[in-house]
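User: I should like to learn how features of a protein model are read. Please take me through them one by one.

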Amino acid sequence: MSEQIVIVGFGPVAARLVDELLPAVRGGQARLTVVGEESEAAYNRVLVADLGVGRTTADALALADAADLAAEGVDVRLGVRAKRVDRARQQVLLSDGTAVHYDRLVFATGSRPVIPNLTGINPDPASPVLPAGVTALRDLRDADVLRRAVDGGKRVVVLGGGVLGLETALAAAEEGATVTVVHNGPHPLGRSIDRGGGAVLAAGLRRCGVRVAGNARSTGVEHNAPDGGFSALLLDDGSAIDGDLLVISCGVRPRTELAEGCGLSTGTGILVDHRLRAHHEPHIFAIGDCAEVRCPDPGCAACRNAKGPSGLVGPGWRQAEWLAGYLTLLAEGKAAEADLLPALPPEQPAVVVLKARGLNMAVAGDNAADPWDEEALTAGAVNGRPRLQIAQWADPEHGRYVKMTTRGGVLEALVSVGMPRTAAELVGLFERGAELPADRSLLLRLDGPDQIPGAGTADPAGTVCRCAGVSGAAIQGAVEDGCSTVAEVSKATRAGTGCGGCHEDIKGLIERHFQAAAA
Amino acid sequence: MTKSADTHCPYCALQCAMTLTSPADLAPAAQPGPGPVPALNPAPALEVAGRDFPTNRGGLCRKGWTSPTLLNHAGRITEPLLKGPDGVHRPIGWDQALDLAASAVRDARARHGADSVGVFGGGGLTNEKAYQLGKFARLALGTSRIDYNGRFCMSSAAAAGMRAFGVDRGLPFPLEALDAASTILMLGSNVAETMPPFVQHLQGARHAGGLIVVDPRRSATAAFTADGGGIHLQPLPGTDLALLLGLSHVVIHEGLADTGYLQERTTGYDAVARSVNAFWPERVQSLTGVPADLIRETARRLAAGAQAGGSYILTGRGVEQHVDGTDTATAAINLSLLLGLPGSARSGYGTLTGQGNGQGGREHGQKADQLPGYRKITDPAARAHVAAVWGVPEALIPGPGLPAVQLLKSLGQPDGVRCLFVHASNIAVAAPDANAVIAGLRSLDFLVVCDFFMSETAAEADLILPVLQWAEEDGTLTNLEGRVLRRRRAISPPAGARSELWIMARLAERLDAPSTYSEDPETVFEELRLASAGGLADYSGIDYAMLDRGEAAYWPYPAGSTGTPRLFTDGFAHPDGKAVMVPVVPRRRRPSAADPGVNAAAGAREMTLITGRLLEHYQSGAQTRRVAELLAAQPEATAQIHPAAAEALGVTAGSLLSVANSRGEVVCRAELSTAIRAETVFLPFHFPGSESANRLTEAATDPISGMPEFKLNTVWVRPVAAPDSARMLQQTEAS
């Protein structure tokens, strides 16, 4: 007896789930069908912008291979859409007219781009038909569109100051396009970053050749290109930003309509409990961008502060890995064991690391409070819970900015701009929930030149030759006793007889001796 | 009369060439010295000088320079010692000793079966001894239970190399080839401390600004990247695999891969490309703490080096001694294959073998699953060949035994090993979860240890058999390049010490063993040649006369050939001649259980323990701790921590620290250094007793290689108010 598992959607998260389920498929405990709307098997969507600026190839983006999977016994349906789920019959009806039975159904339908309400763009949110010269940069075909613009050195307008928009803008500018980022609010990244970080970030963008139009409200698009395509983005102050390609980067929205259509509960995404099960439906699960972990228990503490889907791939991959373990146990008929599996731990607040070459930035958590903001810092500091503390470093002239928001020495939020090693370290500390050194400036110095150790040693009692353990004093002694070449010193003291790395230092000691003698 | 012998250093796999000379008139035994350093070293019986050789170019490190002081050391064991009922070892004669050992074997066999007798070998044994030990175990003892300390050393890289290339030779190229390279990526290897003369071969890359060192500590080797020498990547402990996947990601996505090479010389590219796709630099930055830009720069440098000058990727124990060590070595190999390095004229991949004969020691049958010539013990053709050389029916050769950690876990167990022979290994200090190992040794019915000092393992033995040191014997070793070297006798051994070859021969007689066991190294080597013929590690074309003429003999060296200085130039050792790329990804680790119940005392902090080596000491320190000069330089274990961690713990340099988890506790002094990450504590593993780092390491093993987890363990660290009595006692014992 084996279970039929059906996965709807074949993006990066689904690909991971398929990978993790392969042992059960090979072992005959599970039969697996995966349904993908696109004609390609899963590819790495995170790198679509890189593809769009010519930094990688479509081949290199592949996360799965349909033929390899078929050879493993997986039923892969590409270019097919799931039209409807019949929960009573446990069937998925597909756009090619076939139906697939499921014992377990996993929604991995992902998300679709948010298309703002602009005159000149079809506002139907479910199936926006974007006019020529406008793209939301979501799939391989969108990447081709961007590629043509970048290769032609065209003018690219990026609408949206989120991290994906900034990454696209930076990459396109570096590869030769003329790029303008249009965003609302005083600085890019909106509420993810604080004012200081946002200001240094915006300056960094400009330094990288990206024009930044802040506090801008867009109202429509103009189609005056010779081919009838996009020619300008119109703003509410009556101005227009001319361009050849508009990249819309205004966030994503979970694709929930299939789930809604079969009566599952949805919030921002498809609502699932801590075992990734749809509410009140033991046969259906959801993972990745389309899933919102929020259990039916109104008293659940973990769910009280839960945010919706993050839009990042990391949490989805962790869900896929966990769910594969759970489904494998179910498929093996070990329901009791599956119930004992510890639930997936709640996700840490998301960390955003800017994927860019010329500009380093990481942010995480709520960075709204300022060091002097007594009210914000003490809010929540009750029942012995320590108050928030903030350490901050701002050097806008050199494009550097760091803010660490801690509680009890552990990071609750961070901003780092222009300081790569500090960013890497802070993100690690944040993710591990590790305590920061009491002297926070240690973290700032990671990027400083004093971190690179100097060569040699000035202290005469110090060791010059580590290999043989010979001090500078011993070498000086040998020189005073008549050694005048490195070889002679080596013979007399063994210094320099190991790795040879100290030969220059020995030579220096000899020269110093004879210079002193001459003088 | 002055006489001299050209030989090689007794310690690591670099096997620096040295000349040993007897002084014309031996100095009288040295005067007892004052102070804390015991005067255990009289004037050395031999003088040592570095000898010009392609690997060490006349260089020696402090360990090599001081090695002769051990020959006439006051603590040398020169008679067989039997432990009395009172626990005291007393001298006995050789006949009695051998009779006792033989009867212990017969006893165990009669009561518990042949597999109740075990053998634990070492990577320090000569090829001849390693070969004969494997034969002795299988035929004279009739046991499958033989393994060796190389399991703690080379097993992960060996398994990865076999899987990818079809053969495992640490460096498949002469060491000198590194000199011309413009880029060298070293992962988890601190050669500046472990084999200092090696560093000469890094200078070319350093001058080209292309020395890239991956180490969570700014080790002495990592410090060579300063001043334009290259790049130091400092990942979180245990994240090397993710870092390597990130490098491969950049190589593929930036079009730096050698596509022609991949097509012609490898299989498995597509699956590897898909698997690294999920490791883009910024994600890897979050996993490893290494900035994304440095990941990109490293990948580009490697690719540029492969085009001009040459690029090499070298791995060491730091990335291999993990429960995912085989996968990490595989990821390094995959990266090298993407760049087209292995088998090319000026580039390559290699792993740095550690122990003196770590290479030869893993080829000739002291591994649980192997027969001589790097043959598989499960391969019928291999069994038939070796059985024919040994002149025994194939059925007499037992099947595969247990890898080291499992073998040690079985000590004293009902179905486990009850009588154990230990050669060239100090498992009471060097094996993981050392407290459990010591308990296992104590639960044995009979323990025989062959050693020349009262090592911590010998101290547990029922019977200690005194053996020879390097300068007292002839033989061959195979260095880290796969080059076979001659070890030559320079001095007569103490009257009561015997070669292990002799011991095996005498025991085999007493046990009425089939086949022959010679005490003459050259005779054994001649048999090894036949046994290895046709195997992966084929020595059949090598003989003592050729080595004595100074010829460079790199295996495989089939009879009639001229050997193989550079492997893979025409193809890899798989049937289709192609290298196999195997996708690997980090698995979620089982948390290493530091028991919060232990040391939950106020002020204890959870930290990550990494272990490693000091320049002055070798392995368990059984030898180097007995060299006065080395002991004076590094007299005790110190725990290296970052000043920020010290501040949080409220300790200063020299304060006593307790480093503990559920497996044990180490008490030692703190050393403050900014070279280490703030959440990490470093301990050298050369010290015994309450300073023994391996009391803390976990005996969890790599599923493929059996390598234990030495480099990533969770510990609680807290200050200790005053030196406690147990520690003081330990100090006394050590001296």
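User: What radius of gyration does chain A have, and what would a compact globule of 519 residues have?

Analyst: This is a predicted model. The radius of gyration is read against the value for a compact globule: for 519 residues that value would be near 24 Å, but chain A has 30 Å. The box filled by the C-alpha atoms of chain A can be set beside it, at roughly 100 × 65 × 55 Å along the principal axes.

User: How many helices and strands are there in chain A?

Analyst: Chain A has 16 helices and 27 strands. Of its 519 residues, 45% are buried. Among the contacts in chain A with a separation of 6 or more, 59% join residues 24 or more positions apart.

User: How many residues does each chain give to the contact between chain A and chain B?

Analyst: An interface is read by counting residues on each side: chain A gives 40 residues and chain B gives 40 residues. On the side of chain A, strand S21 (351-353) and helix H12 (420-432) are the elements that give two or more residues. The largest share, seven residues, comes from H12(A). By character, this side of chain A divides into 22 nonpolar, eight polar and ten charged residues.

User: Is B:Asp86 buried or exposed?

Analyst: Burial is read by counting neighbouring C-beta atoms, and a residue is exposed if 12 or fewer others lie within 10 Å. B:Asp86 is exposed because 6 other C-beta atoms lie within 10 Å.

User: Where in chain B is B:Asp86 found?

Analyst: B:Asp86 is in the loop between strand S4 (81-83) and strand S5 (89-91) of chain B. From B:Asp86 to B:Phe452 the separation is 366 residues in sequence and 22 Å in space, C-alpha to C-alpha.

How values were computed. Residues are numbered from 1 along each chain as its sequence is written. Chains are lettered from A and ligands numbered from 1 in the order in which they are written. This is a predicted model: local features need pLDDT of at least 70, side-chain atom pairs count only at pLDDT 80 or more; totals for chains, interfaces and linings use all residues. Helices (H or I, at least four residues) and strands (E, at least two) are DSSP runs, numbered from the N terminus. The radius of gyration is taken over C-alpha atoms; the globule rule is 2.2 Å times the number of residues to the power 0.38. A residue is buried if 20 or more other C-beta atoms lie within 10 Å of its own, exposed if 12 or fewer, and partly exposed in between; C-beta atoms are placed from the backbone. Two residues are in contact if their C-beta atoms, placed from the backbone, lie within 7 Å. Ala, Val, Leu, Ile, Met, Phe, Trp, Tyr, Cys and Pro count as nonpolar, Asp, Glu, Lys and Arg as charged, and the others, Gly among them, as polar.
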